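This report covers two topics: a strand with its neighbours, and the salt bridges of the chain.

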Amino acid sequence: MKKVGIIGAGAWGIALGISLEKNGCAVCLWHYDKQKLERLNFERTTSKLNNITISEKIKFTDSLEEVLSSDTLIYASPTQQFDTITRKVHSIKSINKPLVIACKGIDITSNKLLTEISNENLPDCVPVILSGPGFAIDLANGHPIAVTLASNSPSTLENVGQLLANNNFRPYFNDDVIGVQIGGALKNVIAIATGIAMGKKLGDGAVASLITRGMNEIISFGMIMGAKKETFFGLSGLGDLVLTATNLKSRNTKLGNQIGISDGLNNSSNDLTEGFYTTNAVYNISKKKKIKLPIIDAVYNILYNNGSVDNEIGLLMNRPLRDENTSRD
């Protein structure tokens, strides 16, 4: 029986655990909050997954050492904790096994992709990116989902793919580790933009336009970062963008929707999403590399400079006219 350790017992981590347990894996999930773990162990449900029953075979622990004894590790905690947690893992023991990174975003302290951090903190691990269109509640309910797995190691992709795959969960392989990460990270920023449009009741055409031009910005940014253009037309690019940016089940779209309704950011830090943090990282990288990203710049101004939603819409709509297909923005 394959042992899988999942770092993170939020909705996505638990949903992955439910799917893997059905595959016959021994699953152990780690979380730092002992009270939450006690509640999960006792109640065997979570409101984040509409109180779906969690199998008694799935174990919850606050011991990282226990999780690290698994054959395969999955990181399903917040992106902004990845550096800290992987440093802690390295301080416990040196590990040489696949590390499936199942979160999306860019570290705002270093402006690095998570594989860059993984290579620094856990040099003996083989990082595998899991990305693509899928909500945790759908996976937990056994609804069909297709995702992308990205790694530089074909054999690791095959092994992790066989571990995860079942009748409801189909992974496709990709060697564009940079592109798959960027698609998953930046779609959250565009989702905030479409959410704002929904909250402002700007109409379906505005949402479609933001998705289309947002995809152009994702591609422009990605290619300068070293990604392959075709990656962005796959599951981790277009697929994830369409799902997230059109659905209020997405926390990023929901955040944008609230901003559109109230004409500003009124959320506490507990309500902020990965898209909020990624916006900051992408903005900083784009200015350093001189990449023009007008939609992402507008989202940044609203989130970080108290920019007016109406003013940012006006600036976007009154930019100089240009050819749709030119690479410059």
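Two strands are said to pair if DSSP finds at least two bridges between them. The model discussed here is predicted.

**Strand β4 and its neighbours**

Ile7 stands opposite Tyr75 in β4. This contact belongs to the pairing of strand β1 (residues 3-7) with β4, which is parallel and extends over 4 bridges. Strand β5 (residues 98-101) also runs parallel to β4, and 3 bridges join the two. Within β5, Leu99 is the bridge partner of Leu73. Between β4 and β5 the chain passes through helix α4 (residues 82-92), giving a β-α-β crossover that is right-handed.

In a regular strand the side chains alternate between the two faces of the sheet. For strand β4 (residues 72-75), Thr72 and Ile74 lie on one side, with Leu73 and Tyr75 on the other. Are these four residues buried or exposed? All of them are buried, so both faces of β4 are covered.

**Salt bridges**

How many salt bridges does the model have? The count comes to 11. Three of the pairs are tabulated with the distance between their closest N and O atoms.

| Basic residue | Acidic residue | N to O distance |
|---|---|---|
| Lys112 | Glu120 | 2.6 Å |
| Lys249 | Asp138 | 3.6 Å |
| Lys287 | Asp297 | 3.0 Å |

In the pair of Lys112 and Glu120, the lysine has a relative accessible area of 25% and is partly exposed. Glu120 is partly exposed too, at 46%.

The salt bridge between Lys249 and Asp138 links distant parts of the chain, 111 residues apart. Lys249 sits in the loop between α10 (235-245) and α11 (251-262), while Asp138 belongs to helix α6 (residues 136-140). The relative accessibility of Lys249 is 45%, which makes this residue partly exposed. Asp138 has a relative accessible area of 18%; the cut-off for buried is under 20%, so Asp138 counts as buried.

Lys287 and Asp297 meet through their side chains, and this pair connects helix α12 (residues 274-289) with helix α13 (residues 294-304). The two residues are 10 residues apart. Lys287 is partly exposed, with a relative accessible area of 40%, whereas Asp297 is buried at 16%.

Which residues are joined into one network by salt bridges that share partners? They are Lys104, Lys187 and Asp240.

Note on methods: Residues are numbered from 1 along each chain as its sequence is written. This is a predicted model: local features need pLDDT of at least 70, side-chain atom pairs count only at pLDDT 80 or more; totals for chains, interfaces and linings use all residues. Side-chain values use heavy atoms; hydrogens and water are left out. Buried means under 20% relative accessible area, exposed over 50%, partly exposed in between (1.4 Å probe, protein chains only). A crossover is right-handed if, with the strands pointing away from the viewer, the path from the first strand over the helix to the second runs clockwise. A salt bridge is a side-chain nitrogen of Lys or Arg within 4 Å of a carboxyl oxygen of Asp or Glu.
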